[in-house]
Amino acid sequence: MPEDRGGAGEWNEVPCVPFPGTFGGRVMLTFMASDSEEEVCDERTSLMSAESPMPRSCQEGRQGLENGEGAAQWVGSHQQSKASGQRGQESEEDHEEDPDRYVCSGVPGRPPGLEEELTLKYGAKHVIMLFVPVTLCMIVVVATIKSVRFYTEKNGQLIYTPFTEDTSSVGQRFLNSVLNTLIMISVIVIMTIFLVVLYKYRCYKFIHGWLIMSSLMLLFLFTYIYLGEVLKTYNVAMDYPTLFLTVWNFGAVGMVCIHWKGPLVLQQAYLIMISALMALVFIKYLPEWSAWVILGAISVYDLVAVLCPKGPLRMLVETAQERNEPIFPALIYSSAMVWTVGMAKLDPSSQGALQLPYDPEMGEYQGADSLSSSGVAFHHIQLSLAWPLREARGLEGQGSPELREPSDGLLSLSLAPCSHDTGHPEEDSCDSLGEPSYPEVFAPPLPGYPGEELEEEEERGVKLGLGDFIFYSVLVGKAAATGSGDWNTTLACFVAILIGLCLTLLLLAVFKKALPALPISITFGLIFYFSTDNLVRPFMDTLASHQLYI
Amino acid sequence: MTAAVFFGCAFVAFGPALALYIFTIATEPLRIIFLIIGAFFWLVSLLLSSFIWFMAATLTDNKDEPRQRDLLIFGVLISVLIQEMFRFAYYKLLKKSSEGLKSINPGEKAPSMRLLAYVSGLGFGIMSGVFSFVNTLSDSLGPGTVGIHGDPPQFFLNSAFMTLVIILLHMFWGIVFFDGCEKKKWYTLLVVLLTHLLVSALTFISPYSGLNLVLAYIILVLTGIWAFFVSGGSCRSLKLCLLCQDKDSLLFNQRSR
């Protein structure tokens, strides 16, 4: 595994192409591309990112370090050792871990049980950190479906599903839906392979431009249509100048937040909104039976693509690993929490470094992470902010030879949570640039031993691909749209999806490798949709009409 | 009907459960997860009982009204039985998982069985209440006149109160049930099952919904008292709580005597 100490070089190589979670679905091509991208950047298993680096990175870190930097002093090591084995094969995770290497000296004598305990402890929190955005997205979709009639009207189909379902016989309809599914899935596969090829041949600019186009269409055109329909439903008049102003502001801020820097909460909100918009498009334009078959097929494809050795997603991950680059960090919802003081405390040796003014060299060193110079300034800010903490801790500064690396480590560390598993520090650094995260990161340190207490405060964010959001919402939205006004079906699908997500995260904690998030949830969702719609609904309706309670 | 009816009935039925959720469960991620798993277990039990009812209905294939009603009653009884079975299954699952949790993190305090009993009961209750009432609620937003054919006009309010009683009862049953399982007092399980059957049966035995409600609330109070004592409460702790005294002051008062 490449040293990321020489990490500067690697970081430099990484163009850090921000791939926002956009599905410029309107242009079907871009849409499909985004779709495949979201499947490509398969960081759905958030717990993966939450874990600390693999032991081998610890080893490298140890070797890479000049002096026995009092490995035991490194508070963060606990985290690293805890993460050992939790790490997936995602390169971006390794990538982010690499900065942590310094601290990844491993605390000797740490009981292995403690590591697992922390995994589990953080696991529950991470599950909830995923439940909330998934629930929000579904609520938006269901609320829209139930109130705005536009999204349940049949107004044609996508070009990817050319076969109509208005046939006379059931068999013909089923055949048509299967054919539609085949076409859709093959388009997705082709797009994914195209993306892998582009990535392999380093056409980063192309991919970057593609995604920008997608998100432009999503944020402007689809929002305009959505707003128009909502206004129509509630019979609210709005003049064009106001509309233009609203959509322009919404879209521009969205582009900035997703592709560049912005408060984490705003970025999350925008990602949820574009996932919901995308899901609504799917719900509107996919015919009924095709939608269900496509959902089933997508989860099978997801399973195959992520777990099979020759799957495109797996190949993409491996390529990224070889190059030690982050895979497309966009299209991923990140609820990155920021490092706490525990990380900052890690390098007593860097205290000296902190006293230095902004070092352009170091900035550049880390600046490779970010495409823009503002990223460098960001590092600087983090440095200066971190400084008082160190002082407060009264840690001894060490010689300057270590200055560079620990501070690099610090910088990377402070960046890492933001870029957390997205492998896109710049993009996520914008998250922490916002107000809320800073105070969290630089919380006043606890006096005394920089021990586990602080480490335990460290939190890692979780990530889930936007494609998962979209397909979960499509399932629940379709249940709401076609469930004949029945709320029970919608709720049953909702609970089923949440349970599937829970199980996926549990499996993640058990198997400790990248897992697809779609199969289990979608399977549960489908089972519960069909059984609730056909079995439970008549039962509950009959009970309700007789006023019986079970 | 009006928005007032909608919001009023919604808060009557779900207000206490929402308050319990916000104040006791929403803060701890692990409890939320156990709540949702509990809801899922109830859902699966409902699925199973609907399946059985559906099979029975299609097999008999009789369109007579009394026959349909008999089938429905059969369905209700089977459903209650299956719900209690799934409650037991959830207990077993929690027992196994808490062993696992204990072995994995000895330092970390796993949630106690009592807490899990409460959470699981609440999960069952919320899901049950939501499934019973949410369709009725959404209908109450639309146009219509209640009781135009001679049915009681307080339909929504009755349903709301009945839903509330079911939610709270599930919670108490959960506590009592798990305690019975823990202490191996199997008669407790039987009592819970019979009480549940009684409450459900009340809804179809008596045509007077008012009487049903009153009886159900009496059962609720009794079960609540039982759950209170089972989970470690006592008259003394109740007095402490109501008089807003802390334990020390009470002890001090006693000592000084």
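Modeller: Before we start, a helix here is a DSSP run of H or I with at least four residues, numbered from the N terminus. And a reminder that this is a predicted model.

Colleague: Got it. Which element gives the largest share of the lining of the largest pocket?

Modeller: That is H7(A), which supplies 10 residues of the lining.

Colleague: And how much space lies in that largest pocket?

Modeller: The largest pocket holds about 1,400 Å³. It is lined by 37 residues, and those closest to its centre are Ile139(A), Leu491(A), Phe494(A), Ile126(B) and Val130(B).

Colleague: Which elements give two or more residues to the lining?

Modeller: From chain A they are H7 and H23, and from chain B they are helix H1 (3–25), helix H2 (29–60) and helix H4 (113–140).

Colleague: What does the lining have by class?

Modeller: There are 31 nonpolar residues in the lining, along with five polar and one charged.

Colleague: Let's switch to the interface. How much do chain A and chain B bury between them?

Modeller: About 3,700 Å², with carbon and sulfur atoms making up 78% of that. On the chain A side, the residues that lose the most area to chain B are Phe539(A), Tyr549(A) and Ile550(A), which together account for 23% of what that side buries.

Colleague: How many residues does the contact take from each chain?

Modeller: Chain A puts in 38 residues and chain B puts in 45 residues.

Colleague: How many salt bridges does the rule find across the interface of chain A and chain B?

Modeller: Zero between those two chains. There are, however, six residue pairs in polar contact between chain A and chain B, counting pairs with both residues at pLDDT 80 or more.

Colleague: Which helices of chain A each supply at least two residues of the side that touches chain B?

Modeller: Helix H7 (112–147), helix H23 (487–511) and helix H24 (518–545). H24(A) gives the most, at 13 residues. By class, that side of chain A has 23 nonpolar residues, nine polar and six charged.

Colleague: Back to salt bridges, then. What does the count come to over all chains?

Modeller: Six over all chains. One pairs Glu229(A) with Lys232(A), where the closest N and O atoms are 3.1 Å apart.

Colleague: By how much are Glu229(A) and Lys232(A) separated in helix H9?

Modeller: By about one helical turn, because the two sit three residues apart in helix H9 (residues 204–233) of chain A.

Colleague: Last topic. How many helices and strands are there in chain B?

Modeller: Chain B has nine helices and zero strands, so its pattern along the sequence reads α-α-α-α-α-α-α-α-α. Its C-alpha atoms fill a box of roughly 70 × 40 × 30 Å along the principal axes.

Key. Residues are numbered from 1 along each chain as its sequence is written. Chains are lettered from A and ligands numbered from 1 in the order in which they are written. This is a predicted model: local features need pLDDT of at least 70, side-chain atom pairs count only at pLDDT 80 or more; totals for chains, interfaces and linings use all residues. Side-chain values use heavy atoms; hydrogens and water are left out. Contact means heavy atoms within 4.5 Å. Buried area is the accessible area (1.4 Å probe) that two parts lose on being put together, summed over both. A salt bridge is a side-chain nitrogen of Lys or Arg within 4 Å of a carboxyl oxygen of Asp or Glu. A polar contact is a pair of N or O atoms within 3.5 Å; within protein, one must be able to donate a hydrogen and the other to accept it, and residues adjacent in sequence count only if both atoms are side-chain atoms. Ala, Val, Leu, Ile, Met, Phe, Trp, Tyr, Cys and Pro count as nonpolar, Asp, Glu, Lys and Arg as charged, and the others, Gly among them, as polar. On a 1 Å grid over the protein atoms alone, a cavity is a set of points where a 1.4 Å probe fits but cannot get out, and a pocket is an open set with protein on both sides within 12 Å along at least five of seven lines; lining residues have an atom within 4 Å of a point. Grid points are joined across faces, edges and corners, and a volume is the space filled by probe spheres set on the points.
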